[in-house]
Amino acid sequence: MSEHMWAYVPTSGHNRDDDLTGYRVEATDGDIGKVDKHSNEVGSQYIVVDTGVWIFGKEVLLPAGTITMVDHDERRIIVSRTKDEIKAAPEFDKDKHLGDPAYRDQLGGYYSSGH
């Protein structure tokens, strides 16, 4: 099931050529930051969110399957997780984790298990 985490749901409003950089990201219970990077690669779609001061300037990687809506007019993305769920996700380091299949599996398992 975790492989479905790495694709946008068809009803999200995301199009393959969208540039989501700079979009505001909102969890179910509030703002978590802005998109710093994203991937539209089939089977490996995600956003990297710069959380600013929310979790001490860290970045988090969210699989595209966590995204419920992309609002292009408001330049915002809604995700189906709480701030606490995102904060408790496996730690992300873009230099170590972006190309690491084991990290991708770990994160996909975390989010697909109901977190």
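Tutor: Start with a term. Strands are DSSP runs of E, at least two residues long, and they are numbered from the N terminus. This model is predicted.

Student: What makes "before β1" the right place for methionine 5?

Tutor: Strand β1 covers 24-27. Strand numbers count from the N terminus. Methionine 5 therefore falls in the segment before β1.

Student: Why is methionine 5 called buried?

Tutor: Its relative accessible area is 8%. Buried means under 20%. The value is under the cut-off, so methionine 5 is buried.

Student: Which residues does methionine 5 touch, beyond four places away in sequence?

Tutor: Among them are Gln45, Pro63, Arg81 and Tyr111. Contact here means heavy atoms within 4.5 Å. Asparagine 40 is 35 residues away in sequence, and its C-alpha is 13 Å from that of methionine 5.

Student: What makes aspartate 71 a buried residue?

Tutor: Aspartate 71 has a relative accessible area of 15%. The limit is under 20%, so aspartate 71 counts as buried. This residue is found in strand β5. Leaving aside neighbours within four places, aspartate 71 is in contact with Tyr23 and Arg76.

Student: How far apart are the C-alpha atoms of aspartate 71 and methionine 5?

Tutor: They are separated by 20 Å, and the two residues are 66 apart along the chain.

Student: Why is arginine 75 called partly exposed?

Tutor: Its relative accessibility is 40%. Buried is under 20% and exposed is over 50%, so a value in between is partly exposed. Arginine 75 fits that middle class. It is found in the loop between β5 and β6. Its phi is near 50 degrees, a positive value in a residue other than glycine.

Student: And what makes glycine 57 partly exposed?

Tutor: Glycine 57 has 48% relative accessibility. Exposed needs over 50%, and buried needs under 20%, so glycine 57 lies in between. Its place is the loop between β3 and β4. Beyond four places in sequence, it touches Asp50, Thr51 and Gly52. Aspartate 17 is 40 residues away in sequence and 28 Å away in space, C-alpha to C-alpha.

Student: How many helices and strands does the protein chain have?

Tutor: There are 3 helices and 6 strands. Their order from the N terminus is β-β-β-β-β-β-α-α-α.

Student: How do you know that the protein chain is as compact as a globular protein of its length?

Tutor: Set the radius of gyration against the globule rule. The protein chain has 13 Å, and the rule gives 13 Å for 115 residues. The two are close, so the chain is as compact as a globular protein of that length. The C-alpha trace spans about 35 × 30 × 25 Å along its principal axes.

Student: What share of the residues is buried?

Tutor: Buried residues make up 43% of the 115. In soluble globular proteins, nonpolar side chains tend to be buried together.

Student: What makes a group of residues a nonpolar core?

Tutor: They must be buried residues of the listed nonpolar types, joined through side-chain atoms within 4.5 Å. The largest such core here has 28 residues. Val25, Ile47, Leu62 and Ile77 have the most contacts inside it. Elements giving two or more residues to this core include β1 (24-27), β3 (46-50) and α3 (101-112).

Student: Which residues does isoleucine 47 touch, beyond four places in sequence?

Tutor: Its contacts include Val25, Leu62 and Ile77. Tyr8 and Lys37 are also among them.

Notes
Residues are numbered from 1 along each chain as its sequence is written. This is a predicted model: local features need pLDDT of at least 70, side-chain atom pairs count only at pLDDT 80 or more; totals for chains, interfaces and linings use all residues. Side-chain values use heavy atoms; hydrogens and water are left out. Helices (H or I, at least four residues) and strands (E, at least two) are DSSP runs, numbered from the N terminus. The radius of gyration is taken over C-alpha atoms; the globule rule is 2.2 Å times the number of residues to the power 0.38. Buried means under 20% relative accessible area, exposed over 50%, partly exposed in between (1.4 Å probe, protein chains only).
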